[in-house]
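Reader: I would like to go through this model with you, one site at a time. Could you reason each reply through and finish on the value or name that I ask for?

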Amino acid sequence: MSDVVTLTREGPIALIEINNPPVNALSTAVRQGLQNAVLEAEADDAIMALVIYGTGRAFIAGADIKEFGKPLQPPFLPELCTRIEACPKPVVAAMHGVSLGGGLEVALGCHYRIATPDARVGLPEVHLGLIPGAGGTQRLPRLTGTERGIEMMTSGRHVKAAEALEAGIIDEIGTASPRENGLAFATRIIEEGKPRRAVSELPAPAAVDWDAAYAATLKKGRGQLSPAMVVRAVQAAAEKPFADGLAEERRIFLELMETDQRKGMIHAFFGERAVSNLPELKGIDPRPLTAIGVIGGGTMGAGIATAALLAGLKVTLIEMSDEATEAAKGRIASNLQGALKRGKITEAKFTKLTEDALTLATTYDALADADLVIEAVFENMDVKKDVFTKLDAICKPGAVLASNTSYLDVAEIAAATSRPADVIGLHFFSPAHVMKLLEVVVPDAAAPDAVATGFALGKMLSKISVRAGVCDGFIGNRILSTYRAAADHMVLDGASPYEIDKVMTGFGFPMGPFAVADLAGLDIGWANRKRKRAEGLPPGMRDSSYADTLCEDGHFGQKTGKGYYVYEAGKRGGTPNPDVLPLIEAERAEKGLTAQDFTADDILARYMAAMVNEGAKILGEGIARRPLDVDMVLLFGYGFPRYHGGPMKWADMQGLDKILADLDRFAAENPEFWTPAPLLRSLVAEGRTFEDLNKEG
Ligand code: 3HC
Ligand code: NAI
């Protein structure tokens with residue numbers, strides 16, 4: 001008997017226990033162990049029923065994702081599930097924690113399912129670029145019906161025990177331990193002489209308009225293939241005999257396994273978990289964190305305070321005047337109203353958070369006991385230095401002092417204090433209580449445990465925290481500036497903003513760069529252009545001023561109803577603003593530029609080359625430590641399509657030599673802007689990839 005699966009006997013019941021920490025993934029050893037245990041119990045005449053259950057945190061969290069991409073070893077999961085279902089003695093799955101993917105599929109192969117009240121089930125394979133590959137698409141809709149089955153598998157959501165019971169996925173909720181639940185259920189089956197109930201023998205799910213469901217799912221997934229292929233697999237369940245449906249499911253599963261989308265999604269899965277796990281912070285304890293301060297209660301300060309309150313922290317917020325304090329309180333209350341409406345908090349909790357956990361003040365002495373303070377005042381170095389000087393005077397020793405600055409030099413801010421080791425950047429994204437990304441900006445002088453405290457805060461707030469070094473724009477905004485400039489250059493040279501937006505949404509971004517600019521407010525870019533013109537444009541950066549005219553006329557994008565697009569009240573999205581193309585043509589004429597044709601491929605190549613090249617420069621300079629750090633910033637802060645894995649993973653899959661060749665070609669026009677990053681050149685020369693750098697840690 002294997003170590004990970006054990007078989008014990010309790011009277012006529014075989015108890016098959018899975019013990020493969022941390023989440024009982026179905027590794028080859030577990031599959032083998034399960035198969036052997038089932039065969040052994042089946043052959044034992046004294047056994048009348050079998051119970052399968054897991055130890056630790058989960059029944060089974062699914063196939064072992066680490067084995068994907070490697071040659072699969074027998075026994076294969078679909079056959080194992082079929083084998084379990086074929087057992088002539090009743091088999092009971094006694095579930096707790098999560099039963100996901102192959103885990104739920106094993107349970108669906110059993111004849112009965114009982115779960116603890118806190119159990120969750122789901123088929124989340126689409127999040128890995130796959131469909132369920134061990135009978136899930138065939139068995140689940142036989143229990144839930146077509147529509148709920150498709151909804152569960154295309155969303156990949158976790159379904160709680162109560163809903164699973166109502167949907168017919170489980171047969172009973174039991175409040176004892178999984179082992180005891182299973183034992184009691186199996187005893188009852190034996191006593192009552194209940195027959196086996198094989199899900200594969202239930203009627204096939206009903207037909208729907210498959211083509212319409214496929215097209216709608218593809219559109220909703222912005223080009224992600226796997227959810228749409230769930231529809232095709234369920235169609236097979238409805239139209240074919242069970243065994244043929246199973247074969248069709250397996251064919252689609254194996255086909256998706258070979259796609260770049262699957263590789264991208266799995267890179268994202270592991271990247272998301274690895275990104276906050278910094279080798280340099282191993283063994284370093286964060287400082288205690290129960291009360292935090294926030295300076296400035298505008299868009300960002302209010303969002304940060306909201307996130308902290310929802311995470312159970314005490315928050316003291318400082319504003320400049322009583323009116324500003326009231327306005328900040330209003331913003332926080334309105335954010336929390338959103339959580340209340342979505343059922344995330346109760347009315348009582350809302351009152352507790354706004355009345356007890358939140359303190360508002362106009363003087364800094366209220367921060368004397370704060371463990372960590374985040375400054376979110378105006379983006380101005382003198383104002384920030386003034387705030388940090390005051391914090392230095394009032395905060396207790398060991399308090400972490402953080403700035404939410406978007407672009408400013410955190411080391412310079414730290415130098416305004418007598419304790420630069422306690423100063424870091426905590427760069428949140430707007431809206432801060434919604435967006436998952438947090439850049440933890442680490443100046444050279446920062447103490448490791450201050451940095452660890454920044455990551456600990458990120459974890460408490462359920463953020464994806466990424467380490468960034470100090471530079472203009474850190475990781476995300478610096479890359480954004482570059483690909484945004486590439487888009488502006490293309491507009492000057494002949495592409496239209498609408499073509500560029502279309503290509504980038506076609507690539508999978510929720511919005512193109514010009515629609516994003518309308519959302520953020522064109523005044524921000526306008527101010528930035530003025531600042532850059534005053535400082536002198538960076539080498540290779542071409543000035544583009546047609547959007548200034550929009551701003552001068554009071555058009556700032558969505559908030560004024562007009563920008564690159566025109567927005568009508570009550571309608572989602574906008575239509576192209578007819579004033580924009582003439583403005584662009586006028587600027588081209590003034591600059592003596594002749595419009596060139598850009599194909600969709602040209603646009604994509606330039607946009608992505610700019611993004612990848614800046615990412616490589618950032619890596620070469622040590623601003624980001626690992627390519628996966630860059631990937632996670634773009635994924636969680638900038639809407640980069642998860643199924644491409646992130647820009648560096650995408651570049652690997654395209655071939656770095658191809659990206660370099662594109663850059664060399666573009667550099668012939670504008671060498672300063674398109675100079676290939678030295679790191680990219682050396683990786684190509686050595687035949688290595690960004691993934692190789694991830695592995696080096
Ligand atoms: N295979 C291998 N490792 C897995 C795993 C899996 N299926 N699921 C989780 N892990 C690992 C994680 O990588 C992590 O490892 P680490 O500690 O070394 O970083 C560890 O288990 C704990 O995971 P989390 O940090 O994510 O812990 P949480 O408690 O936050 O979440 C979870 C647990 C809900 C199980 C979450 O990990 C999860 O959603 N896992 C993926 C589940 C999934 O997608 N299953 C389907 C797999 S595909 C499949 O089954 C194909 C089949 O249809 C043929
Ligand atoms: P905002 O203008 O909405 O809010 C700033 C607030 O700070 C105002 O309410 C103001 O009254 C207050 N304030 C100014 N000086 C103060 C002082 N000395 N003491 C106390 N309060 C003071 O600005 P926003 O957008 O919230 O930005 C704040 C910071 O966050 C900036 O550094 C910005 O660059 C950064 N940031 C902004 C993002 C965004 O999308 N808006 C995203 C990420 C970072």
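Reader: In which pocket does ligand 1 sit?

Author: This is a predicted model, and what follows should be read as computed from it. A molecule is assigned to a pocket if more than half of its atoms lie within 2 Å of the grid points of that pocket. By that criterion, the place of ligand 1 is the second largest pocket.

Reader: How much space lies in that second largest pocket, and which residues are closest to its centre?

Author: The space in the second largest pocket comes to about 1200 Å³. The pocket is lined by 45 residues, which divide into 23 nonpolar, 10 polar and 12 charged. Closest to the centre are Ala61, Ala63, Ile65, Leu100 and Phe269.

Reader: Which element gives the largest share of the lining of the second largest pocket?

Author: The elements that contribute two or more residues to this lining are helix H2 (77-86), S6, H3, helix H10 (242-257) and H11. Among these, the largest share amounts to 4 residues, and the element that supplies it is H11.

Reader: Turning to the ligand itself, how many residues surround ligand 1, and which are the closest?

Author: The shell around ligand 1 holds 26 residues. By class, this shell has 16 nonpolar, 4 polar and 6 charged residues. The closest members of the shell are Arg57, Gly102, Glu105, Glu125 and Arg273.

Reader: What percentage of the accessible area of ligand 1 does the protein cover?

Author: Polar contacts to ligand 1 involve both backbone and side chain: a polar backbone atom of Ile65 is 2.9 Å from a nitrogen atom of the ligand, while an N or O atom in the side chain of Glu125 is 2.5 Å from an oxygen atom of the ligand. In addition, an oxygen atom of ligand 1 lies 3.0 Å from a backbone N or O atom of Gly133. On its own, ligand 1 has 990 Å² of accessible area, and the part of this that the protein covers is 74%.

Reader: Which element provides the largest share of the shell around ligand 1?

Author: Two or more residues of this shell come from each of strand S6 (98-100), helix H3 (102-109) and helix H11 (260-274). The largest share is 3 residues, and the element that provides it is H11.

Reader: How many residues surround ligand 2, and which of them are the closest?

Author: The shell around ligand 2 divides into 10 nonpolar, 8 polar and 3 charged residues. In total 21 residues surround this ligand, and the closest are Met300, Glu319, Glu379, Lys384 and Ser406.

Reader: What percentage of the accessible area of ligand 2 is covered by the protein?

Author: Side chains make polar contacts with ligand 2, including Lys384, which places a polar side-chain atom 2.5 Å from an oxygen atom of the ligand, and Asn404, which has a polar side-chain atom 3.0 Å from an oxygen atom of the ligand. A polar side-chain atom of Tyr364 lies 3.4 Å from a nitrogen atom of ligand 2, which is inside the 3.5 Å limit for such a contact. Of the 830 Å² of accessible area that ligand 2 has on its own, the protein covers 78%.

Reader: Which elements give two or more residues to the shell around ligand 2?

Author: The shell in question is made up of 21 residues. The elements that supply two or more of them are helix H12 (299-310), helix H15 (381-394) and strand S16 (423-428).

Reader: Are there cavities as well, and which element gives the largest share of the lining of the largest cavity?

Author: A search of the whole structure finds 1 cavity of 30 Å³ or more, and the volume of the largest cavity is about 30 Å³. Its lining consists of Thr482, Ala610, Asn613, Glu614, Lys617, Phe673 and Trp674, with two or more residues coming from each of helix H24 (600-620) and helix H28 (671-674). The largest share, 4 residues, comes from H24.

Reader: Where is the cis peptide bond between Pro74 and Pro75 placed, and what is its omega?

Author: Pro75 belongs to the loop between strand S4 (58-60) and H2. The cis bond joins Pro74 to Pro75, with an omega of about -5°.

Terms used: Residues numbered from 1 in each chain as written. Chains lettered and ligands numbered in written order. Predicted model: local features only at pLDDT ≥ 70, side-chain atom pairs only at ≥ 80, totals over all residues. Heavy atoms only, no water. Near = heavy atom within 4 Å. Polar contact = N/O pair within 3.5 Å; in protein donor to acceptor, adjacent residues only side chain to side chain. Areas by Shrake-Rupley, 256 points an atom, 1.4 Å probe, with all protein chains shown as cover. 1 Å grid on protein atoms, 1.4 Å probe; cavity = no way out; pocket = protein on both sides within 12 Å on 5 of 7 lines; lining within 4 Å. Nonpolar A, V, L, I, M, F, W, Y, C, P; charged D, E, K, R; others polar. Points joined across faces, edges and corners; volume = space filled by probe spheres on them.
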